[in-house]
Amino acid sequence: MAQVRFFYVNGCPYCAQARKAREELISENPEYGKVEFEEIDEGLHPEIADQYDYWATPAMFVKEEKIYEAHVGEKYDEAKENVRRVLEAALKA
């Protein structure tokens, strides 16, 4: 199992949507609750964020591989499926 690096920006509605999706997925499958998330505020830690290749938040990486990066207009169901992919990748890593 690998840790997830979760880059976010305070006040970002897509980041809030991803967090909500993560909690909902954990309630549906408690195994997902075992995945550890390192949440990194890119505004507070630009020195870390600059080491990763992404343009939008939330962005989630498993073992340095970007699994999910949000896009403008992303709907909740799409975000939830992307977070599910992140959780599955972390469990298998």
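This passage describes helix α1 and the nonpolar cores of a predicted model.

Helix α1 spans residues 13-28. Its 16 residues reach 23 Å from the first C-alpha to the last. That is close to the 22 Å expected at 1.5 Å a residue.

Six names make up the buried set of α1: C15, Q17, A18, A21, R22 and L25. These residues lie on the same side of the helix, because they cover an arc of only 155° around the axis. The face turned away from this buried side carries exposed residues, namely P13, K20 and S27.

The buried residues of α1 have several packing partners. Four are strands: β1 (4-8), β2 (37-41), β3 (59-62) and β4 (65-69). Helix α3 (76-92) is also packed against them.

The largest nonpolar core holds 23 residues. Within this core, V4, M60, Y68 and V83 have the most contacts. Two or more residues come from each of β1, α1, β3, β4 and α3. Helix α3 gives the largest share, six residues.

V83 shows how α1 residues meet others in the model. Leaving aside residues up to four places away in sequence, V83 touches A18, A21, R22 and L25. These four belong to the buried residues of α1. V83 also touches M60 and Y68, which are likewise among the residues with the most contacts inside the core.

Another core lies apart from the largest one. This second core has seven residues, including F7, A49, Y54 and F61.

Definitions and conventions. Residues numbered from 1 in each chain as written. Predicted model: local features only at pLDDT ≥ 70, side-chain atom pairs only at ≥ 80, totals over all residues. Heavy atoms only, no water. Expected span 1.5 Å × (residues − 1). Buried < 20%, exposed > 50% of the residue type's maximum accessible area, 1.4 Å probe, protein only. Arc of directions from axis to C-beta. Contact = heavy atoms within 4.5 Å. Core = buried A, V, L, I, M, F, W, Y, C linked by side-chain atoms within 4.5 Å.
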